[in-house]
Amino acid sequence: MKDKHLVELLKEMTLAEKVGQLVQLTPDFFAQGGEITGPMQQWQMSEAQSYQIGSVLGTHTAEQVYTIQKQYLEKSRLKIPLVFMADVIHGYETIFPIPLAMAASFDEHLIEKAAKLAAKEAAEAGIHVTFSPMADYVKDARWGRVLESNGEDPTLSSVLTAAYVRGYQGATNNLNKDKKRIAACVKHFVGYGAAEGGRDYNTVDLSDLEIYQNYLPAFKAAIDAGAALVMTSFNTVRGIPATANQPLIQDVLRKKLGFEGLVISDWAAVAELIAHRVAADGEEAAKKAFHAGIEMDMMSDCYMNSLAQIITAAPELQQQLDQAVYHVLKLKDRLGLFDDPYRGLNEADLSVHLDTDTRLSTREAAEKTAVLLKNEDILPLSKNQKIALIGPKADSKDIFGAWSWIGKQEDAVSLKEGLSEKHLDLSVLSYAEEEVLSDHYIEEACKLAEQSDVVLLAVGESSEESGEAASLTKLTLSRRQDVLVQEIAKHNPNVVLILFNGRPLVLSDIEESCKAILIGWFPGSEGGHALANLLTGTVEPQGRLPMSFPRSVGQLPLTYGQLSTGRPKTPDNQDQKYISRYMDEENDALYPFGFGLGYGSCEIEQTTITHISEEEGLYEVNARLINHTEKAHRTLLQLYSQDLVTEVARPIRELKQWRKVLVPAKSSIDITFNISETQFAYVHSDLLLKNDPGKIALYIGFDSKQADKIGEIAI
Ligand code: NOJ
């Protein structure tokens with residue numbers, strides 16, 4: 001049912017005004033108060049055109065939004081407010097850990113809360129829509145954008161993607177009333193994470209089965225949670241760029257997933273159809289993208305300069321045009337912009353109010369997302385040790401990651417700053433970021449290591465090294481940081497590696513040199529405090545890997561959920577040649593999906609599976625967790641399944657449910673997973689999600705590799 005007032009408004013619009021609504025530009029097009037500036041000249045844009053466009057992306061301040069909106073409303077004929085969009089990916093000014101880190105929490109509530117707090121700051125800066133969450137399925141760490149993902153498991157990613165949408169938009173989706181929430185644009189539809197060779201923007205070629213099974217679920221979850229927009233991806237799907245892919249947008253996104261909101265292209269992707277060589281010029285690019293179902297053209301001049309003439313030449317497209325414009329108007333209406341174009345901005349106070357709670361929430365998030373990969377009785381640190389803090393990340397404020405364009409680095413707490421509040425006997429030897437480590441520094445570092453009991457080695461990536469357009473063929477530590485680790489270990493065996501990273505790295509050559517490895521990711525504003533709390537044991541590490549850490553780049557793409565092959569490698573055939581294995585490397589990850597340690601331990605005992613309702617296909621899986629130690633321990637219990645015989649080849653293991661549990665010292669806790677047969681449905685060769693009768697093996701454990709089989713059910 002279409003809203004009457006919007007339909008009425010649509011009737012009043014000229015063709016040029018309709019086309020204008022479908023154009024999104026950056027604020028520099030408005031920099032001179034509507035005068036023809038550099039970018040406008042380049043696109044041969046008139047002043048009138050600038051007062052017809054529908055949306056602006058990437059403003060930096062509320063003042064900027066206020067000024068642009070005011071000027072626009074004064075000069076535009078119909079006074080349809082602009083909608084302002086931006087990349088608010090993991091916080092706006094106060095920065096949360098990167099999304100891949102957030103996924104390591106396996107905690108949808110944490111993510112919902114973070115998205116809500118990010119929305120508040122962004123809304124105060126005048127942003128109405130965020131280009132988040134990124135729902136891309138990933139299994140190739142060479143692709144720098146794994147940083148923005150929820151990792152390699154489609155079920156986990158679906159749960160977390162939906163949590164982002166609820167956090168941004170509010171569970172009730174009451175965006176016109178709740179002006180501290182913003183609309184979510186889920187991206188990139190679809191297949192972007194499968195870029196060949198892990199090279200950003202490269203070709204993607206996926207089977208339909210793979211798309212349906214692994215790539216669509218998180219988008220479906222976001223759409224079911226009410227995501228207002230979908231952004232298409234840069235890549236090809238079945239040979240056709242997603243931006244020009246009609247079956248993908250119309251049949252899959254609209255019909256199959258039931259998406260009714262606004263479809264926006266990625267940045268300049270309409271014009272890039274020319275570089276893809278599927279369009280000869282801007283007009284053909286506009287025609288193809290529009291036919292396919294792209295409604296808003298982000299930062300290209302194709303719609304602006306060609307769509308009106310395309311529609312005039314093909315009046316049968318008028319209805320589609322109206323539908324697209326309607327979607328833009330509907331979004332603006334949903335955000336309450338027709339009643340309040342400034343959406344709560346107050347000219348007297350156009351500042352973002354930073355509050356301590358948000359800052360503390362980023363600390364909590366960083367504490368819950370760091371992953372302890374190794375610990376040979378060295379962590380937590382104790383007070384009477386002489387500690388050396390060494391490495392380019394020791395006092396670095398470059399701990400936000402690639403997508404924190406508003407956060408101010410000077411507001412970040414470095415590791416050194418965090419540790420210095422802990423009253424330790426600490427000596428620090430830091431190093432300028434992004435520079436190759438010199439021999440001199442390595443020598444000095446080794447001297448300091450020799451005089452210390454424990455060495456904290458803070459190394460990793462700079463924010464430039466992961467994220468968009470940060471593809472890599474080598475995933476070992478760069479800038480001779482690997483040499484530093486190996487050299488230090490020769491002088492002091494008590495090395496604790498603290499890694500700042502946006503993606504899984506290859507640690508095979510250095511892990512033996514370290515007694516402990518703590519993955520801090522890009523931890524955000526309070527990173528130093530959070531890591532200091534973790535290293536000193538104020539807080540127990542509880543993150544678990546959302547993405548496998550490979551042994552070697554040659555294994556990529558890699559996931560714990562690989563399909564069964566005809567020649568699987570088993571404990572009995574390790575040395576045979578004609579099986580699916582590498583001659584020079586193991587098949588599995590160095591650190592698998594779901595893995596992570598704490599400072600305590602517990603064991604799984606007494607597992608049972610009960611068929612509680614035959615009619616409804618419900619099962620109860622029980623496990624008792626026993627902590628024999630004197631220390632409480634927080635862990636993540638994971639339930640996996642394997643469908644024994646299936647129509648199409650299926651993953652060797654699939655995560656079904658997970659539960660964070662605090663097991664008090666010297667006690668036990670009973671955990672129940674309620675599971676229904678429908679959770680074992682899978683996509684068949686006809687692309688339908690359905691169950692088929694057969695046996696399913698269930699596994700319970702603390703990571704995807706170590707989970708033990710607890711029995712089978714027959715469905
Ligand atoms: C390009 C990126 O692919 C996309 O994720 C982002 O939202 C847009 N640029 C807008 O900045």
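Where is the place of arginine 238? Arginine 238 sits in the loop between strand S7 (236–237) and strand S8 (240–241), where helices (H or I, at least four residues) and strands (E, at least two) are DSSP runs numbered from the N terminus. This is a predicted model, in which local features need pLDDT of at least 70 and side-chain atom pairs count only at pLDDT 80 or more, while totals for chains, interfaces and linings use all residues. Residues are numbered from 1 along each chain as its sequence is written, and side-chain values use heavy atoms, with hydrogens and water left out.

Arginine 238 is not a glycine, yet its phi is positive, about 50°. Its relative accessible area of 37% makes arginine 238 partly exposed; here buried means under 20% relative accessible area, exposed over 50%, and partly exposed in between (1.4 Å probe, protein chains only). Aspartate 377, also not a glycine, has a positive phi of about 50°. Aspartate 377 is placed in the loop between S11 and S12 and counts as exposed, at 79% relative accessibility.

That loop has another feature to look for. Proline 380 lies between S11 and strand S12 (386–391), and a cis peptide bond, with omega about -5°, joins leucine 379 to proline 380. A cis peptide bond also joins serine 132 and proline 133, with omega about 5°. Proline 133 belongs to the loop between strand S4 (129–130) and helix H8 (154–169).

Helix H8 comes next. Its end C-alpha atoms are 22 Å apart, which agrees with the 22 Å that its 16 residues should span at 1.5 Å a residue; the expected span is 1.5 Å times one less than the number of residues. Of the 16 residues of H8, 13 are buried, so the helix is largely enclosed by the rest of the structure. At the N-terminal end, aspartate 153 caps H8, with a side-chain oxygen 3.0 Å from the backbone nitrogen of threonine 155. This is a polar contact, that is, a pair of N or O atoms within 3.5 Å; within protein, one must be able to donate a hydrogen and the other to accept it, and residues adjacent in sequence count only if both atoms are side-chain atoms. Glycine 170 follows H8 and has a positive phi, near 85°.

On a wider view, the protein is divided into domain 1 (1–84 + 295–345), domain 2 (358–546) and domain 3 (603–714), with bounds that come from an automatic or database domain assignment. The centres of domain 1 and domain 2, taken over C-alpha atoms, are separated by 46 Å. Helix H16 (residues 356–369) has 14 residues and reaches 20 Å from its first C-alpha to its last, close to the 20 Å expected at 1.5 Å a residue. Its buried residues are Thr358, Ser361, Thr362, Ala365, Ala366, Glu367 and Thr369. An α-helix has 3.6 residues a turn, so residues three or four places apart point the same way. The buried residues of H16 pack against helix H6 (99–103), helix H7 (108–124), strand S11 (371–375) and helix H20 (527–536), where contact means heavy atoms within 4.5 Å.

The ligand offers another place to explore. The residues around the ligand, each with a heavy atom within 4 Å of it, include Leu57, Asp87, Arg145, Asp266 and Glu468. An oxygen atom of the ligand is 2.5 Å from a side-chain N or O atom of aspartate 87, and a ligand oxygen is 2.6 Å from such an atom of arginine 145. For aspartate 266, the corresponding distance is 2.5 Å. Taken alone the ligand exposes 300 Å², and the protein buries 93% of that; these areas come from the Shrake-Rupley method with a 1.4 Å probe, and for residues only the protein chains shown count as cover.

Leucine 57, from the ligand surroundings, is found in strand S2 (residues 55–57) and is buried, with a relative accessible area of 4%. The C-alpha atoms of leucine 57 and proline 27 are 6.9 Å apart, although 30 residues separate them along the chain.

Asparagine 235, finally, lies in the loop between strand S6 (229–232) and S7 and counts as buried at 0% relative accessibility. Its side chain reaches the backbone nitrogen of tyrosine 192 at 3.3 Å, and a polar contact of 2.8 Å joins the side chains of asparagine 235 and serine 233.
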